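Work through these exercises with the structure open. Try each task before you read its solution.

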Amino acid sequence: MTDDEAAPAAASEQGSRNLVMRVAAALVLAPVAIALAYMGGVAWSLLVTLAAAGLFAEWLVVTGLGRELRIVVPGVVALLLAGLCLMAGRIDAALIVLAVGAVVVALTSGARRNWAIAGLLYAAAAEIASVLLRLDTAKGFAALMFVLLIVWVTDIGGYFAGRSIGGPKLWMRVSPKKTWAGAVGGFVASLLVAAGFAASEIGSTGPLLMLVSAVLSVVSQLGDLFESAVKRRFGVKDSSHLIPGHGGLMDRLDGFVAAVIVAAIFGFLRGGADGVGRGLMVW
């Protein structure tokens, strides 16, 4: 075998290994996330809080601030304290704590202040949105599963459609592996989730749920591209190597972060702070 023939074969073998690792990690992590989401309350809030702290820490690593403890510590502490406030049902206190944390981070981060604050806001928004969406006792779990499934099938559908169909790249400069075929494949897969929820009468009528699903699928893909753009800006391939086959928390949660924030905004505008799940699912 020549070198020219060996290179594609090695790349294919590496891709197969990565796929196996991705599937294995998903089979372990997905049931844990679903179980904690079903439990809700402190269990879900604790998972979300730890994930938010990890997101902020990884963001700082990507942007070259990971070794700056004067930035890492106040940001992580603010997210942890905000999580405790959310567990106690004090959303107002959580917002105050995060505001104070943002001020401290701004005062200690120097020339990259904007990137440090953006990282804290990114993690904090994901933390608050994830907790508020599940807080609704009537539709919170259904709403959370709706968002999770849309993100997951968008990712899975996009992966297989992109690999099997190929074609023009979605945004070559930011994410060289993503194709328009993959984007459409993920989008179509998300509509199947909406159809399933509508058929089960878990949410509202099919056309409305499909519209919501379509928006969240697109937002999820934009969140993925946003994270890729940040990493490319700083010349980083993976945010970390925490999850086998997936990279770090940012790599795994980029689409979910964007989707859950938009979902929570929709739900909040329609149902208020204690009815975010109903606001998203019942139209």
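**Exercise 1.** At what angle do helix 2 and helix 5 pack, and how far apart are their axes?

*Solution.* Start with the ground rules. This is a predicted model, where local features need pLDDT of at least 70, side-chain atom pairs count only at pLDDT 80 or more, and totals for chains, interfaces and linings use all residues. Residues are numbered from 1 along each chain as its sequence is written, and side-chain values use heavy atoms, without hydrogens and water.

Step 1: find the helices (DSSP runs of H or I, at least four residues, numbered from the N terminus). Helix 2 covers residues 41–62.

Step 2: take the axes (lines fitted to C-alpha atoms over the stretch in contact, with angles from 0 to 180 degrees between N-to-C directions). The angle is about 165°, and the axes are 9 Å apart.

Step 3: name the arrangement. Angles under 35 degrees count as roughly parallel, over 145 as roughly antiparallel, 65 to 115 as roughly perpendicular and the rest as oblique. So helix 2 is roughly antiparallel to helix 5.

Step 4: list contacts (heavy atoms within 4.5 Å). Helix 2 residues including W44, F56 and W59 meet helix 5 residues including W115, Y122 and R134. This contact has 15 nonpolar, 4 polar and 2 charged residues.

**Exercise 2.** How do the axes of helix 5 and helix 9 cross?

*Solution.* Step 1: locate both. Helix 5 spans residues 113–135 and helix 9 spans residues 249–271.

Step 2: read the geometry. The axes come within 8 Å and cross at roughly 60°. That angle makes helix 5 oblique to helix 9.

Step 3: find the partners. In helix 5, Y122, A126 and L133 are among the residues that meet helix 9, where F256, V260 and A264 are among the partners. The classes are 10 nonpolar, 1 polar and 1 charged.

Step 4: follow helix 9 itself. A kink of about 35° is centred on G255; the bend at a residue is the angle between axes fitted to the seven residues ending there and the seven starting there. After helix 9 comes G272, with a positive phi near 80°.

**Exercise 3.** Which residues of helix 6 and helix 7 meet?

*Solution.* Step 1: set the frame. Helix 6 (residues 140–165) and helix 7 (residues 180–199) pack at about 145°, with axes 6 Å apart.

Step 2: pick out contacts. Helix 6 offers residues including G157, G158 and G162; helix 7 offers residues including G182, G185 and G186. The tally is 13 nonpolar, 8 polar and no charged residues.

**Exercise 4.** Which side chain meets R252 in a salt bridge?

*Solution.* Step 1: apply the test (a side-chain nitrogen of Lys or Arg within 4 Å of a carboxyl oxygen of Asp or Glu). The whole structure has 7 salt bridges.

Step 2: name the partner. D155 meets R252 at 2.7 Å, N to O.

Step 3: place the pair. R252 lies in helix 9 and D155 in helix 6, so the bridge ties together parts 97 residues apart in sequence.

Methods: Ala, Val, Leu, Ile, Met, Phe, Trp, Tyr, Cys and Pro count as nonpolar, Asp, Glu, Lys and Arg as charged, and the others, Gly among them, as polar.
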